[in-house]
Amino acid sequence: MSRFPLNIRPADVPDGFPGRVAFVKSAASLAQAPHSVLPEVCFCGRSNVGKSTLLNTLCNRKQLARVSSTPGRTQLLNFFNVQDIVSLVDLPGYGWAKTPKAMQASWGTAIRDYLRDRPQLVLNLLLVDIRRDPGDEERNLLAWFQDTGQPCLVVATKADKVAANQRRTRVAAIARGLGVPADDVVPFAATSREGREIIWGAILAFAEAAAPAPQDA
Ligand SMILES: Nc1nc2c(ncn2[C@@H]2O[C@H](COP(=O)(O)OP(=O)(O)OP(=O)(O)O)[C@@H](O)[C@H]2O)c(=O)[nH]1
Ligand SMILES: [Mg+2]
């Protein structure tokens, strides 16, 4: 089943949103993931693509999720509770060649198990550097999300690294490389926070759709 296009609308989020964000825990495997029923949104992508930075920008925090210019900084699945509305899950990045093989295998298993067997996971954010064409890892992940009917929003990170008149061309190239509509690829820049409202729009729309209906009094 294909979930494209996503028809995302920007959320009208005030600058101070979200007010309350808490680190919940780090998990080395799915078994260690928190026992929570909150809808979850995960951040997937190559090492150093900007997953932790996106999470921090969305949450208006500098070092909530640890950022580093050294690839492979995030080595566990890190869970953050946002105002008891949604959990954001920062995943370790793939494609970092210097990681010892045994570690790569165990991270891979944890991520695969999480993506496959986490019923509260309502939306995947797949991050791609705006300057790079998507590779096999991104195409395989997206194909797998489409096969399993999991919605995925593509975020083209580090948009400040290309000239404004190149953004559309790069977004179109990434969309073409992944076989998704250009509207499902959102440029994001941590410097200007461009893209923040639309990404919140997607997160809140999927979280609200998944939240249990309020009980009748
Ligand atoms: N100019 C610019 N730099 C960015 C942006 N997003 C991230 N970076 C930089 O890219 C580097 C990696 O960012 P991280 O957020 O740690 O990347 P990550 O995907 O979490 O990396 P791993 O945890 O290793 O998988 C850092 O030096 C960030 O400052 C952006 O939008 N613009
Ligand atoms: Mg990280």
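1. K158 is placed in the loop between β6 and α4 (167–178), and in this predicted model its phi is near 60 degrees, a positive value in a residue other than glycine. With a relative accessible area of 22%, K158 counts as partly exposed, given that buried residues have under 20%.

2. R193 also deserves a look: it is found in the loop between β7 (185–187) and α5, and its phi, near 65 degrees, is again a positive value in a residue other than glycine. The relative accessible area of R193 is 27%, which makes this residue partly exposed.

3. Backbone geometry also calls for attention in the segment before β1, where P18 lies. The peptide bond that joins F17 and P18 is cis, with omega at about -5 degrees.

4. F17 takes part in one of the 4 aromatic pairs that the structure holds. Its partner is W200, and the two rings are edge-to-face, at 5.0 Å centre to centre and with 75 degrees between the planes. Because F17 lies in the segment before β1 (21–27) and W200 in helix α5, this pair ties together parts that are 183 residues apart in sequence. Both F17 and W200 are buried.

5. Helix α5 has 15 residues and reaches 21 Å from its first C-alpha to its last, close to the 21 Å expected at 1.5 Å a residue. Buried residues in α5 include R196, I199, W200, I203 and F206.

6. The largest nonpolar core has 33 residues, of which L54, L88, L125, I199, W200 and I203 touch the most other members. Two or more residues come to this core from each of β2 (40–45), α1, β3 (77–82), β4 (86–90), β5 (121–129), β6 (152–157) and α5 (196–210), and α5 gives the most, with 7 residues.

7. L125 can be followed in detail: leaving aside residues up to four places away in sequence, it touches V41, C42, F43, C44, L54, L153, I199 and I203. A second, separate core of 32 residues includes A33, C44, L142 and A175, so that C44, although a contact of L125, is listed with this second core.

8. A polar detail concerns S52, whose place is in helix α1 (residues 51–59). S52 is buried, with a relative accessible area of 7%, and a polar atom of its side chain lies 3.3 Å from the backbone oxygen of R66.

Definitions and conventions
Residues numbered from 1 in each chain as written. Chains lettered and ligands numbered in written order. Predicted model: local features only at pLDDT ≥ 70, side-chain atom pairs only at ≥ 80, totals over all residues. Heavy atoms only, no water. Helix = DSSP H or I, 4+ residues; strand = E, 2+ residues; numbered from the N terminus. Buried < 20%, exposed > 50% of the residue type's maximum accessible area, 1.4 Å probe, protein only. Polar contact = N/O pair within 3.5 Å; in protein donor to acceptor, adjacent residues only side chain to side chain. Core = buried A, V, L, I, M, F, W, Y, C linked by side-chain atoms within 4.5 Å. Contact = heavy atoms within 4.5 Å. Phe/Tyr/Trp six-rings, centres within 6.5 Å; stacked < 30°, edge-to-face > 60°. Expected span 1.5 Å × (residues − 1).
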